[in-house]
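Reader: I have a structure open on my screen and would like to go through a few of its residues with you. Could you take my questions as they come?

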Amino acid sequence: MSGGENILEELRTAKKTYRRLYKSEISDKQLVTMATSNAAYAFLLEKITGRIAAGLSADYVAIRPRVADPYAALVGARLADVSLVVYRGNPLYGDEAMLPFFRRFPGEIFRFRVQGAPKICRYNVPALLDAIRTNVGYKKTLPFLPLVS
């Protein structure tokens, strides 16, 4: 990890770094595989997660693609492009348009904006940020979560 603000930035940084170091391209598919199934194998979690398959944890992200190739779309995605995050089969975060899907599962739903886009979440992210701000004594911003309540 390069210390980027989020995994999407990490993928782009890895692509640029590979190009700079090796004077060649690494495919977007290779990058996504490194961040998903290869990471699961590295941490001995391949029987739990790392790919979409029957019997594994249903962990996935859906994005609004900017290009046709799904791997290139993921590597090029920005936070505002993330339309849905599902962990262990439960929706945790997504576009407000995903509200009907969220309502099929138990739990409270919170609304807020990320980079101007209306989002929903299973966790009260604005309250979490308020608690952080209270405890550190100033308005703390988290670049990996550009949130506006």
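Reader: Let's start with Arg12; where does Arg12 sit?
Author: Keeping in mind that this is a predicted model, Arg12 lies in helix 1, which covers residues 7-22.

Reader: And what is the nearest side chain of opposite charge to Arg12, and how far away is it?
Author: That is Glu9, at 5.2 Å, and Arg12 has no salt bridge although it is buried. A salt bridge here requires a side-chain nitrogen of Lys or Arg within 4 Å of a carboxyl oxygen of Asp or Glu, so the distance to Glu9, given as 5.2 Å, does not qualify.

Reader: Which backbone oxygen lies 3.4 Å from a polar atom of the Arg12 side chain, then?
Author: The one belonging to Val75, which lies 3.4 Å from a polar atom of the side chain of Arg12. If we set aside the neighbours within four places in sequence, Arg12 is in contact with Val75, Gly76, Ala77 and Arg78.

Reader: Switching to rings: how many aromatic pairs are there?
Author: The count comes to three aromatic pairs. In one of them, Tyr18 and Tyr22, the ring centres are 4.7 Å apart and the planes stand at 45 degrees, so this pair is classed as tilted.

Reader: How are Tyr18 and Tyr22 placed relative to each other in helix 1?
Author: They are separated by about one helical turn, because they are four residues apart in helix 1. Tyr18 counts as partly exposed because its relative accessibility is 27%, whereas Tyr22, at 53%, counts as exposed.

Reader: Can you give me another of the pairs?
Author: Tyr93 and Phe112 also form a tilted pair, with 6.4 Å from centre to centre and 35 degrees between the planes. This pair links distant parts of the chain, since Tyr93 belongs to strand 3 (residues 90-95) and Phe112 to strand 4 (residues 110-114), and the two are 19 residues apart.

Reader: Are Tyr93 and Phe112 buried or exposed?
Author: Tyr93 counts as buried because its relative accessibility is 15%, and Phe112 is buried as well, with a relative accessible area of 5%.

Reader: One last residue: where is Val125, and why does it count as buried?
Author: Val125 is in helix 6, which covers residues 125-136, and it counts as buried because its relative accessibility is 12%, the cut-off for buried being under 20%.

Reader: And how far is Val125 from Ser57?
Author: From C-alpha to C-alpha, Val125 and Ser57 are 24 Å apart in space, and they are 68 residues apart in sequence.

Notes:
Residues are numbered from 1 along each chain as its sequence is written. This is a predicted model: local features need pLDDT of at least 70, side-chain atom pairs count only at pLDDT 80 or more; totals for chains, interfaces and linings use all residues. Side-chain values use heavy atoms; hydrogens and water are left out. Buried means under 20% relative accessible area, exposed over 50%, partly exposed in between (1.4 Å probe, protein chains only). Lys and Arg count as positive and Asp and Glu as negative; His and the chain ends are not counted. A polar contact is a pair of N or O atoms within 3.5 Å; within protein, one must be able to donate a hydrogen and the other to accept it, and residues adjacent in sequence count only if both atoms are side-chain atoms. Contact means heavy atoms within 4.5 Å. Rings of Phe, Tyr and Trp (its six-membered ring) pair if their centres lie within 6.5 Å; planes under 30 degrees apart count as stacked, over 60 as edge-to-face and the rest as tilted.
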